[in-house]
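The exercises below are meant to be worked through with the structure open beside the text. Please try each task before reading the solution that follows.

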Amino acid sequence: MTALAFDVNGRTQSVDVDPATPLLYVLRDDLRLNGAKFGCGLGQCGACTVIVDHGAVLSCITPVSLVVGRRVRTVEGLGRADRPGPVQQAFIDEQAAQCGYCIAGMVMRAQALLERTPNPTDDEIRREMAINLCRCGTHLRILRAVRRAASLLAASVRSSAP
Amino acid sequence: MSSAAPRRGPAPWLRASRVLVVLVALALGALALAWRPVIDPVDPPAASAFAPELVRRGAQLAGVGNCAACHTRPEGPSLAGGVALSTPFGVVYGTNITPEPETGIGRWSEAAFVRAMRRGVDREGRHLYPAFPYDHFVRTADEDLHALYAYLMTRDAVRAPAPENRLLFPLGFRPLIAGWKLLFLDTEPLAPNPRSSAEWNRGAYLVQSLGHCSSCHSPREVLGNEDRVRYLDGGDAEGWTVPALNVKSPSPLPWNVEQLVSYLRTGIARDHAIAGGPMQGVVAGLATASAADVLAIAVYIDSTLGSPTPSRQDLAKASRARASQPTLPPAVGPGDATLALGSNVYAHACAACHDAGRGPSSSSALQLPLAVAVHDPDPRSLIRIVLGGIRPIDANAGRWMPAFGDALTDEQLVALLAYLRRAAAGAPPWPDVAARVREVRTEPPA
């Protein structure tokens, strides 16, 4: 086995694993980043969603070999408990989590959506977020959180502009 | 000595005015040819005016015709229009065909509806664009149009004006469509084939009328008309490669009636394909059609596919042999770095579902040596499936494949396609795969 190197949340990581290992297992077991969750293991629920380069990716069905040399972001990379990022803050403000198991994936998909489409329509939000499932049924709060996150991000862009 | 004066024609002003008169006469003549009368508005008929059995039959036929594909926006109100259809001539919007009196067809008599279906003219006498496939609907039988009218007039009325079409100049001028019809609208009724079964004849009728299958499954010519000579030779729809349904079918295994019925009603044909792209809407419609009609369509399409030639039989044998292996063969040894990369991408990312014999596997995914998409004449459909996955349309059950668009780099995807073309299809490489990938990646979202 050869070491595989890629960037995780801004730091280069090198792991010595079978290249077919799902990225999710590497993140959780080797790098101790437990934000992304194992849900179905078949790419059907979205609990394992992380961002690779600029897109939301289902890490349970993405072999680590595909991300070598690329940039991976997990929910841990968006902020800390005492300093949450805008999307995390919006989910807190809207109390969008019930059991919380799906939320890290929801936050990452919302983050990727808003980076690509800063001001999405409700249809665009629904269509994109439909890939991630929530079994508690907090979808309406999640949708509100994504809308709130869009305005928080827009505000932070405005305040950081020269 | 003759001193004849040079012959003098009419004065230039007179000549010009004669030309003008001729042009005006021609234009008036053309407009007269294009002119269609208004059909008087009616009061929207009450839903109770239609027998429930007739309405039910109309609903099944609307499933065959897939009206919703163009007349129901995703997540929009049923049949209220607004679907944007991109054509080489601009964008045409599907109209509101609910019985709403002002923005829908509530004031259309049955005669107005029949004229629209068969001649492409709306109640007010305006020519309709042939994005509305009246070149097929013209052959719809009276009793089927009667049932469809009953179905449409009993839907919920929704107030929704259609957006303005955005067409290339001068196509916004509707009388021009009369010229198109003169060339391409064949009003000759279908002649039944007395040597074939009633079921076959029913299928032939549905495919060539309401089903309008060849709208996508035949190539189109420069004026947007179907190429009648190359009937069911395959075409394209919304950027997907649409396979041929005749002897040119790319399917490695010959289709049979049972697999066709399964595909048409559920989108799942175990030995051929899972419906993706625009075909998903067709399947959603056919799932609500009558089982007898879908069987008839399958019987007819099975006949257009023809009996397999010896070379097709060889392909089928080779494909079955490939599919019987526990895994696709890896690209080993020195040689092509692209194939080696593609082989790894397949083994790590795809095989868990698509190979039955490689460790834990749901083994419910299509076996790729049998998949029509890897045998298609070009890679566009396969690219779209890998990038976007297969996602059943809302409120429909169906097979799900996750999207790999953001997981794969262009280099990885191109390598995967090259590998699948060789290892799964055993076919020569597609040309310009990288360019096709870039095209799909950079197109604006729908």
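The model is a predicted one.

**Exercise 1.** Locate A:N9 in chain A, then decide from its surroundings whether A:N9 is buried, partly exposed or exposed.

*Solution.* Begin with the chain trace, where A:N9 sits in the loop that joins β1 (3-8) to β2 (11-16) of chain A. Next, consider the backbone, since A:N9 is a residue other than glycine and yet has a positive phi, near 50°. Finally, count the neighbours: a residue is buried with 20 or more other C-beta atoms within 10 Å and exposed with 12 or fewer, and A:N9, with 18 C-beta neighbours inside 10 Å, therefore counts as partly exposed.

**Exercise 2.** Carry out the analysis for B:L79 and state whether B:L79 is buried or exposed.

*Solution.* The residue B:L79 is found in the loop between α3 (68-71) and β1 of chain B. Although B:L79 is not a glycine, its phi is positive, at about 65°. Around B:L79 there are 25 other C-beta atoms within 10 Å, and so the residue is buried.

**Exercise 3.** Work out the order of the strands in the sheet of chain B, and say which strands lie at its edges.

*Solution.* The sheet is open and is formed by 3 strands in the order β1-β2-β3 of chain B, with antiparallel pairing. The edge strands are β1 (84-87) and β3 (166-167) of chain B, each of which pairs on one side only. Looking more closely at one pairing, β1(B) is joined to β2 (residues 90-93) of chain B over 4 bridges in the antiparallel sense, and B:T87 has B:G90 of β2(B) as its bridge partner. Following the chain to the loop between β3 and α7 (176-184) of chain B brings one to B:P170, where the peptide bond from B:F169 to B:P170 is cis, with omega near 0°.

**Exercise 4.** Describe how helices α8 and α12 of chain B pack, and which classes of residue make up their contact.

*Solution.* Two numbers are needed, because a pair of packed helices is described by the angle between the axes and the distance between them. For α8 (residues 198-208) and α12 (residues 291-305) of chain B, the angle is about 90° and the axes are 7 Å apart, so α8(B) and α12(B) are roughly perpendicular to each other. The contact of α8(B) with α12(B) has 10 nonpolar, 2 polar and 3 charged residues. Among them, α8(B) contributes B:W200, B:L206 and B:V207, while α12(B) contributes residues including B:L295, B:I297 and B:Y300.

Key:
Residues numbered from 1 in each chain as written. Chains lettered and ligands numbered in written order. Predicted model: local features only at pLDDT ≥ 70, side-chain atom pairs only at ≥ 80, totals over all residues. Pairing = 2+ DSSP bridges. Helix = DSSP H or I, 4+ residues; strand = E, 2+ residues; numbered from the N terminus. Axes fitted to C-alpha atoms, helices over the stretch in contact; angles between N-to-C directions. Parallel < 35°, antiparallel > 145°, perpendicular 65-115°, else oblique. Contact = placed C-beta atoms within 7 Å. Nonpolar A, V, L, I, M, F, W, Y, C, P; charged D, E, K, R; others polar.
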